[in-house]
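Subject: Handing over the structure

Dear colleague,

I am passing on the structure we spoke about, and below it I have written out what was found. Please keep it open beside you while you read.

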Amino acid sequence: MTEVVHAAWLPDDAFAAIGSRRVVVAGDGALTGTVAEEVAAATKRFGGGFSRLEVGDGVADAELVLTLAPSSGEPVEALVVSTTSATDPTADESFRFTREAGAVVVQAPNDAGLLHGLFHVVRLGEAAFDGPDADETHAPATDLRMLDHWDNVYAHPTTGQVERGYSGGSIFYDDGLVRRDLARVERYARLLAAVGINHVAINNVNVHEHEARLLTDDLGDVVRLAAVFRRWGIRVHLSVSFASPILLGGLSTADPLDQNVAHWWVRVAARVWGAIPDLGGFVVMADADGGPDPFTYGRTHADGANMLAAAVEPYDGLIHWRAFVRDHRQDWRDRSTDRARTTYDHLRPLDGTFSDNVVVQVKYGPLDFQVREPLSPVLAAMPRTRVALELQVTQEYTGQQQHAVYLGPQWSQLLGFRFWDPDGRDDGSPTVADLATGRGKAAEDPGTGTWHKPAGGFAAVSNVGDDEFWTGHPFAQANLYAYGRLCWDPTLDPGAVLDEWVGLTFPGAPDAVGQAVHAVLDRSWETYEQYTAPLGVGFMVRPDHHYGPDVDGYEYTPWGAYHFADRDGIGVDRTVRTGTGYAGQYPAPWSAIYESPSTCPDALLLFFHHVPYTHVLHSGKTVIQHIYDTHFEGVSQVEAMIGAWSAASKLVDPRVSERVSERLAEQLRSATEWRDQVNTYFLRKSGIPDERGRRIY
């Protein structure tokens, strides 16, 4: 029986505009073959015509030409076709799109660009062929657009088949083995290619003992997976355990300065790249969840990363060093400790010491993907290091794909943030996206001139599993789509990106469907924030599984304290003057803005300050009234989301309609529980009643 899997943003009808026309694919190369297969299937389905040429002539009557060629502006008939390799890590992924009298030509210097050009035309649909003549060049903002999968080969007794996975089991692994049938992996690779993802890590960054053997005994299975992704221009990476020389090599140490350890990694790299010449590299998380790690041996993270970098450098391999250094052995009684400080304190002194093929992968906030955090100061503090911005597509702290929460607006805000220009008035001041892609200049500090940031890129934790809708909640597909598109172009409007997803996922649907999706998702991130953690407070969640409210769940644990609520006030003092000093890790002017309650943005007030419940926000409300109002408003917003979807739900596939309705019902139940627990907690702490007299328990 054929597995029923939702087509996401690539249903057959999304190819109607291409498939009904006369199309030529010209050139040679592995990905050109993939492009030709897509076009051949579409034209067969919709009655168009398809020709595959090895040279760029004979295309005069074509309505769409997809051709490998130098982007020189020469006429199509004169083009000399390129045969560059899809596995070249330095490949130019750009493409040129021209339209003249309704006929479209997509030219690319190699077949990776040609594949992206094909999906650009798919996104546009009929609009690709309509309108005035056009001549556009498209290129990704960065070469590194990566998804990290937290899949375990064996289902882990605590974290399951997919750690922080909310969409069923792994699409890669089953019962300790890579799946024999990789057809679904092929469909997934196609979805990723369509939005511009070009790198994936296929196993959990928390590498357990069995998963470590993907480097050795199970390497043949990695070869199989790499072959599938290669057809779609995607390079595979492996998460590896820093302790592998002990786990796999029989050594007594993993000390990065021990020559036996370094030589072991050299031998492993030679074997791995011998089997997979286009492997992207290794992903490493060290000194976060146990060891042995560099700190075990008194070494720095640069020592650890550079030892691995030397082993993979001959193969153009990368080391993704996940900068999740954290202190989870704090004494909650000691207010001078602060988990938010840890990554900066350890990594800032190492700027400029990492090898060129090391990418330091930094979470967008200093804690752990909370619904609202300030940008990590590490992103601005390492001008001589390749730093990648890490996001979380899987909704660990934003409703776990039970709740409809579109994260595009959050990511857009983060990508557009300027560390040296809070008002956004200086066009020369880099955004966070500029810092990640190496496209901007910035003052290192006043009076010291400028520097060019080396390119890092983007990484994120995937939200996919073997659920029939890929992401559990059908609307959570929009987050995976938006992540890929914003990696390609961080300046895209998240509302327009959502329009793209709706148009592709529900082709030909009445306008009411798109209107309902927007009514549910446009403000969903803000809505989730309203009924959960207020004003920058984080971790009011159930420990371990992180779903549902538990206001004091982490408050008295070694993981740290996050709100310090008492009868007089709430919030964490992270100021330089009286607190943990975290605010001082930011460059001016943000260090001064965050230091004072009078200038700190309301949305982050309790992240940086401990204030009385009667403190008046910039909005004019007191802190306590803001807590009450937003939690009631958040529930009302979810009720409105349900009403909007109910009106349009009969216009889509009944399977989608049923799943979305079921998830929205759970979102309302959960939001109500959040409202009642949080409001009751703070009423009892503060003793201050709701000025509007609403029921609080």
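How many bridges join strand 4 to strand 5, and do the two run parallel or antiparallel? There are five bridges between strand 4 and strand 5, and the two strands run antiparallel. Before going further, please bear in mind that this is a predicted model.

The open sheet

Strand 4 and strand 5 make up a hairpin with two residues between them, and in its turn Ala101 has a positive phi of about 55°. Along this pairing, Arg96 stands opposite Gln107 of strand 5. Strand 5 is also joined to strand 3 (residues 64-68), again by five bridges, but here strand 5 (residues 103-108) and its partner run parallel. On that side, Val65 is placed opposite Val105 of strand 5, while Leu68 has Ala108 as its bridge partner. Strand 5 is mostly covered, since five of its six residues are buried.

These strands belong to an open sheet of six strands, whose order is 2-1-3-5-4-6 and whose pairing is mixed. Strand 2 (49-53) and strand 6 (134-138) are at the edges, and each has a single partner strand, so one side of each is left without a neighbour in the sheet. From one strand to the next, the twist of this open sheet averages 10°.

Two helices can be described together with this sheet. Helix 2 (residues 30-46) lies across strand 1 (22-26), strand 2 and strand 3, and it runs at about 160° to strand 2. Helix 3 (residues 111-124) packs on the sheet as well, where it touches strand 3, strand 4 (95-100), strand 5 and strand 6, and its direction makes about 45° with that of strand 4.

The barrel

Further along the chain you will find a closed barrel of eight strands, which runs 7-12-13-14-15-16-17-20 with parallel pairing. The twist in the barrel averages 25° from one strand to the next. If you would like one pairing to look at, strand 7 (residues 145-148) and strand 12 (residues 199-201) run parallel and are joined by three bridges, and in this pair Met146 stands opposite His199 of strand 12. Helix 9 (residues 301-312) packs on the sheet of the barrel, touching strand 14 (281-285), strand 15 (318-322) and strand 16 (358-363), and its direction makes about 160° with that of strand 15.

The helices

Helix 16 (residues 511-521) has a number of buried residues, namely Val513, Gly514, Ala516, Val517, His518, Val520 and Leu521. These buried residues pack against several other helices, among them helix 14 (477-488), helix 15 (494-505) and helix 17 (524-531), and also against helix 20 (623-648) and helix 21 (654-686).

The axes of helix 16 and helix 20 come within 8 Å and cross at roughly 165°, which means that helix 16 is roughly antiparallel to helix 20. The crossing of these two helices is left-handed. In their contact, helix 16 contributes Ala512, Val513, Ala516, Val517, Ala519 and Val520, and helix 20 contributes Met641, Ala644, Trp645 and Ala648. Sorted by class, the residues of this contact are 10 nonpolar, no polar and no charged.

Helix 20 also meets helix 21: their axes come within 9 Å and cross at roughly 165°, so helix 20 is roughly antiparallel to helix 21. This crossing of helix 20 and helix 21 is left-handed too. The contact of helix 20 with helix 21 has 17 nonpolar, seven polar and two charged residues.

One residue in a loop

Is Thr532 buried or exposed? Thr532 is found in the loop between helix 17 and strand 21 (569-570), and because its relative accessibility is 2%, under the 20% cut-off, Thr532 counts as buried. Leaving aside residues up to four places away in sequence, Thr532 touches Val371, His631, Trp674 and Val678.

With best wishes,
Your colleague

Notes: Residues numbered from 1 in each chain as written. Predicted model: local features only at pLDDT ≥ 70, side-chain atom pairs only at ≥ 80, totals over all residues. Heavy atoms only, no water. Pairing = 2+ DSSP bridges. Helix = DSSP H or I, 4+ residues; strand = E, 2+ residues; numbered from the N terminus. Axes fitted to C-alpha atoms, helices over the stretch in contact; angles between N-to-C directions. Contact = heavy atoms within 4.5 Å. Buried < 20%, exposed > 50% of the residue type's maximum accessible area, 1.4 Å probe, protein only. Parallel < 35°, antiparallel > 145°, perpendicular 65-115°, else oblique. Left-handed = near helix turned anticlockwise from the far one by under 90°. Nonpolar A, V, L, I, M, F, W, Y, C, P; charged D, E, K, R; others polar.
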